[in-house]
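Open the model in your viewer and keep the sequence panel beside it. We will walk through a few selections together, one stop at a time.

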Amino acid sequence: VSDGEGGAFVIWTTDAHIHAQKLDRFGYTQWNDELGGGGVDVCGPVWDTCYVIIEEDYTLIASDNSGGVYVMYNTVCYLDSPLWGVVTTYIQHIDSAGNRLWGPSGVEPMINPVYETRSLGIVNDGNGGIFVVYHHGASGTGVNETYVQHLDYDGNFLWGNSGIYLTSTDRKSTRLNSSHIPLSRMPSSA
């Protein structure tokens, strides 16, 4: 994703970590190395009660138009078995100096989700905040409820505790159509 100044933000995963790096217009790295692998650790060392993997296909980024970046990602926490895990979506804001602004792991797109969440899209709102689209799994129904949430630069929810409900789809069709179009491809006026 462009940084708006001729450079770019890039992200990649290693083990249970997401790395972010800012490149200037000449391709030089701008953020210090935290883990020995380059860049900054987006999610920090916060999980000590389960084995975590990062869902790479659902990791999305958007510029904050101030030299920083938003990263929306999913974790899968395996508690008792490697065959069953709980998916949780987080959004992290990294400033122009490479500092995590929204705590060690970021914020979830809704307050106290009852079921698992999964990221679908992210776009800059043109005022330093973001719009995020996510699924919230409804227990026992096999249905994903889709929401959009608006967060400001500081991570405050602007559209209530859950955001705005959009629609429900069955999990099977959602999984089969997971080639979602990230909102970062949409114009910022959307």
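The tour below goes from a sheet to some aromatic rings and ends at a surface patch. Keep in mind on the way that this is a predicted model.

**Stop 1: a sheet**

Start by selecting residues 8-14, which are strand 1, and residues 40-41, which are strand 3. These two are the edge strands, each pairing on one side only. They belong to an open sheet of 3 strands in the order 1-2-3, and the pairing is antiparallel. As a reminder, strands of a sheet pair through backbone hydrogen bonds, in either a parallel or an antiparallel way.

Now add residues 17-23, which make up strand 2. Strand 1 and strand 2 are joined by 7 bridges in the antiparallel sense. For one of these contacts, click on isoleucine 11: which residue is its bridge partner in strand 2? The partner is alanine 20.

**Stop 2: a tilted ring pair**

Next, show the aromatic side chains; the structure holds 6 aromatic pairs. Select tyrosine 70 and tryptophan 102, whose ring centres are 5.5 Å apart. Their planes meet at 50°, so this pair is tilted. Tyrosine 70 sits in strand 6 (residues 69-81), while tryptophan 102 is in the loop between strand 7 (84-94) and strand 8 (117-124). The pair thus links distant parts of the chain, 32 residues apart. Are these two residues buried or exposed? Both tyrosine 70 and tryptophan 102 are buried.

**Stop 3: an edge-to-face pair and its cluster**

Move on to tyrosine 147 and tyrosine 165, an edge-to-face aromatic pair with 5.7 Å from centre to centre and 75° between the planes. Tyrosine 147 is in strand 10 and tyrosine 165 in strand 11, so the pair ties together parts 18 residues apart in sequence. Switch on a surface to look at their cover: tyrosine 147 is buried, at 12% relative accessible area, whereas tyrosine 165 is partly exposed, at 43%. Add Tyr134 to the selection, and you have one aromatic cluster formed by Tyr134, Tyr147 and Tyr165.

**Stop 4: a nonpolar surface patch**

Keep the surface on and select Leu158, Trp159, Ile164 and Leu166. Together they make a nonpolar surface patch of about 340 Å². Where in the chain is tryptophan 159? Look in the loop between strand 10 (143-151) and strand 11 (164-170). With a relative accessibility of 31%, tryptophan 159 counts as partly exposed, because that class runs from 20% to 50%.

Definitions and conventions. Residues numbered from 1 in each chain as written. Predicted model: local features only at pLDDT ≥ 70, side-chain atom pairs only at ≥ 80, totals over all residues. Heavy atoms only, no water. Pairing = 2+ DSSP bridges. Helix = DSSP H or I, 4+ residues; strand = E, 2+ residues; numbered from the N terminus. Patch = residues over 30% accessible without salt bridge, like charges linked within 9 Å, V, L, I, M, F, W, Y side chains within 5 Å. Areas by Shrake-Rupley, 256 points an atom, 1.4 Å probe, with all protein chains shown as cover. Salt bridge = Lys/Arg side-chain N within 4 Å of Asp/Glu carboxyl O. Buried < 20%, exposed > 50% of the residue type's maximum accessible area, 1.4 Å probe, protein only. Phe/Tyr/Trp six-rings, centres within 6.5 Å; stacked < 30°, edge-to-face > 60°.
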